[in-house]
Amino acid sequence: RIEINGARNNRVYAKDIILKIISTLGVGAGMGYAYEYGGDAVRALSMEERMTICNMSIEGGAMCGYVNPDETTVEYLRGREFVPEGEEFEKRAKWWYSLVSDKSAQYDDSVQLNAYDLEPMVTWGTNPGQAIGISEKIPEPASNSDKDALAYMKFNAGETIKGKKVDVVFIGSCTNSRVSDLREACEILRGQQVNPLVKALVVPGS
């Protein structure tokens, strides 16, 4: 179980949360296990944000990732195509609520993070585990994989990520860029233009 509590800072998103988790635990920590995400910070996430975190569980080696069904889950499904209506919907919703993990449930491991401590995350290497907060410095390589990643990226340990030259901006995601992601990008970019030395790509989720 991975429990995240506390309020998020501005410009900290679901992708930052899952990158922090993977960089903390490692890309192979979840092998053979499922990740259950909980805590008040997770309960405050939208359904789309939960999907982003759960979809990237596999990047941490987990078989799957899930958030216990709650009111956010039920209201997300209410009125959607192929979802039953009226009494049948309420009957289904009652069953969905019954799937929540028991309070007495035992876990193979438990990890706790404070959402308030999180900041925008950036990968300095070639896998999601090689990630740091935007204000942090690139760490000393802990493995040959880290050394190869630094050489590939042409980065050095001890350098800061913030202020690095940007060549290409990709507004999209392996977890699918959703409408909410694109709207947020629009708010950030509103009234501005892409630097002529930068190539910017926008790829909506299919």
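**Notebook: helix α1 and a few residues around the protein**

I began with the cover over helix α1. The buried residues of α1 are covered by several elements, including β1, β2 (34–38), α3 (47–55), β4 (111–114), β5 (121–123) and β6 (131–133). I am working on a predicted model.

**Entry 1: the helix itself**

Next I listed what is covered. The buried residues of α1 are Ala14, Asp16, Ile17, Ile18, Leu19, Ile21 and Ile22. I then checked the length. Helix α1 has 12 residues. Its first and last C-alpha atoms are 17 Å apart, close to the 16 Å expected at 1.5 Å a residue. I also looked just past the end of α1. There Gly26 has a positive phi of about 105 degrees.

**Entry 2: Asp16**

I picked one residue from that buried list. Asp16 sits in helix α1, which covers residues 14–25. Is Asp16 buried or exposed? I found a relative accessible area of 8% for Asp16. The cut-off for buried is under 20%, so Asp16 with its 8% counts as buried.

Which residues does Asp16 touch, apart from neighbours within four places in sequence? I noted Arg11, Glu119, Pro120 and Met121 as its contacts. I looked at Met121 again. Its backbone nitrogen lies 2.8 Å from a polar atom of the Asp16 side chain. Met121 is also where strand β5 (121–123) starts, and β5 is among the elements covering the buried residues of α1.

I took one distance across the model as well. Asp16 and Asn68 are 52 residues apart in sequence. From C-alpha to C-alpha they are 21 Å apart in space.

**Entry 3: Arg11**

Arg11 came up as a contact of Asp16, so I looked it up next. Arg11 lies in the loop between β1 (2–5) and α1. Its relative accessible area is 35%, and Arg11 is therefore partly exposed. I noted its phi too, which is near 70 degrees. Most residues other than glycine have a negative phi. Arg11 has a positive one and is not a glycine.

**Entry 4: Phe82**

I found another positive phi at Phe82, near 75 degrees, again in a residue other than glycine. Where is Phe82? It lies in the loop between α4 and α5 (86–97). Its relative accessibility is 80%. Exposed means over 50%, so Phe82 at 80% counts as exposed.

**Entry 5: Thr73**

I stayed with α4 for one more residue. Thr73 lies in helix α4, residues 71–77. Thr73 is buried, because its relative accessible area is 13%. I left aside neighbours within four places in sequence and looked at its contacts. Thr73 touches Met47, Arg50 and Asn68. Asn68 is the residue I had paired with Asp16 for the 21 Å distance.

**Entry 6: the whole protein**

Last, I stepped back. I counted 7 helices and 8 strands in the protein. The C-alpha trace spans about 60 × 45 × 30 Å along its principal axes. How much of the protein is buried? Of the 206 residues, 32% are buried.

I checked how contacts run along the chain. Among contacts between residues at least 6 apart in sequence, 66% join residues at least 24 apart. The accessible surface comes to about 13,200 Å². Carbon and sulfur atoms account for 52% of that surface. I closed with the charges. The protein has 23 positive and 29 negative charges, and their mean positions are 4 Å apart.

Definitions and conventions
Residues numbered from 1 in each chain as written. Heavy atoms only, no water. Helix = DSSP H or I, 4+ residues; strand = E, 2+ residues; numbered from the N terminus. Buried < 20%, exposed > 50% of the residue type's maximum accessible area, 1.4 Å probe, protein only. Contact = heavy atoms within 4.5 Å. Areas by Shrake-Rupley, 256 points an atom, 1.4 Å probe, with all protein chains shown as cover. Lys, Arg positive; Asp, Glu negative; His and termini not counted. Charge placed at Lys NZ, Arg CZ, Asp CG, Glu CD. Polar contact = N/O pair within 3.5 Å; in protein donor to acceptor, adjacent residues only side chain to side chain. Expected span 1.5 Å × (residues − 1).
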